[in-house]
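Before any single residue is discussed, it helps to look over the whole fold. The questions that follow go from the chain as a whole to particular side chains.

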Amino acid sequence: VDQQRIYPNGQSFDTPEQLDDYIKTWVTQRVGFKPGNNFGIKFYPGRYSARFGCVMGVGDITKYITNQDMDVAVLEEPEHLN
């Protein structure tokens with residue numbers, strides 16, 4: 001239900017891989033940046049907050065970042081890449 005509130009036309013994704021593909025395509029079309037193979041997206045549990053109009057992390061999101069993933073930017077919404 002949260003995804004349907006955030007993405008256009010009530011769209012939702014069954015897997016993180018589907019969402020990853022959608023975001024990378026959106027970035028390419030919107031800002032002309034084509035993410036390479038080294039552009040990784042990690043997902044963490046979150047819920048949409050109607051009060052704040054954004055996705056809020058649920059729990060400690062740092063446990064989803066491994067030592068190999070130290071160059072990290074945590075973004076709630078992909079348009080923050082603009």
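**Surface, helix and core**

The chain exposes about 6400 Å², of which carbon and sulfur atoms supply 48%. The model is a predicted one.

Q: In what order do the elements of the chain run from the N terminus on?
A: The secondary structure of this predicted chain comes to two helices and two strands. Read from the N terminus on, these elements run α-α-β-β.

Q: What percentage of the 82 residues in the chain is made up of buried residues?
A: A residue counts as buried when its relative accessible area is under 20%. Of the 82 residues in the chain, the buried ones make up 18%.

Q: How far does helix 2 reach from its first C-alpha to its last?
A: Helix 2 covers residues 16-31 and so has 16 residues, for which a rise of 1.5 Å a residue gives an expected span of 22 Å. The reach in the model is close to that expectation, at 22 Å.

Q: Within what arc do the buried residues of helix 2 fall, seen down its axis?
A: In helix 2 the buried residues are Leu19, Asp20, Tyr22, Ile23, Trp26 and Val27. Seen down the axis, these buried residues line one face of the helix, because they fall within an arc of 165°. An α-helix has 3.6 residues a turn, so residues three or four places apart point the same way. On the other side of helix 2, Glu17 and Gln29 are exposed, while the arc that holds the buried residues is 165°.

Q: Which residues form the largest nonpolar core?
A: Tyrosine 7 touches Phe13, Leu19 and Tyr22, when residues up to four places away in sequence are not counted. The largest nonpolar core has seven residues, and these are Tyr7, Phe13, Leu19, Tyr22, Ile23, Trp26 and Val27.

Q: Which residue forms a salt bridge with aspartate 20?
A: Aspartate 20 is buried, with a relative accessible area of 13%, and the count of salt bridges comes to one. Its partner lies in helix 2 as well, four residues apart from aspartate 20, about one turn of the helix. That partner is partly exposed, with a relative accessible area of 21%. The closest N and O atoms are 3.2 Å apart, and the residue that pairs with aspartate 20 is lysine 24.

Q: Is serine 49 buried or exposed?
A: Serine 49 is found in strand 1, which covers residues 46-49, and is in contact with Cys54 and Met56 once its neighbours within four places in sequence are left aside. Because its relative accessibility is 15%, serine 49 counts as buried.

Q: What value is phi of asparagine 9 near?
A: Asparagine 9 is found in the loop between helix 1 (2-6) and helix 2, where it is exposed with a relative accessible area of 83%. Most residues other than glycine have a negative phi. Asparagine 9 has a positive value although it is a residue other than glycine, and its phi is near 60°.

Q: What distance separates the C-alpha atoms of isoleucine 65 and tyrosine 44?
A: Isoleucine 65 lies in the segment after strand 2 (54-57) and counts as partly exposed, at 32% relative accessibility. Along the chain, isoleucine 65 and tyrosine 44 are 21 residues apart, and their C-alpha atoms are separated by 9.2 Å.

Note on methods
Residues numbered from 1 in each chain as written. Predicted model: local features only at pLDDT ≥ 70, side-chain atom pairs only at ≥ 80, totals over all residues. Heavy atoms only, no water. Buried < 20%, exposed > 50% of the residue type's maximum accessible area, 1.4 Å probe, protein only. Contact = heavy atoms within 4.5 Å. Areas by Shrake-Rupley, 256 points an atom, 1.4 Å probe, with all protein chains shown as cover. Arc of directions from axis to C-beta. Core = buried A, V, L, I, M, F, W, Y, C linked by side-chain atoms within 4.5 Å. Salt bridge = Lys/Arg side-chain N within 4 Å of Asp/Glu carboxyl O.
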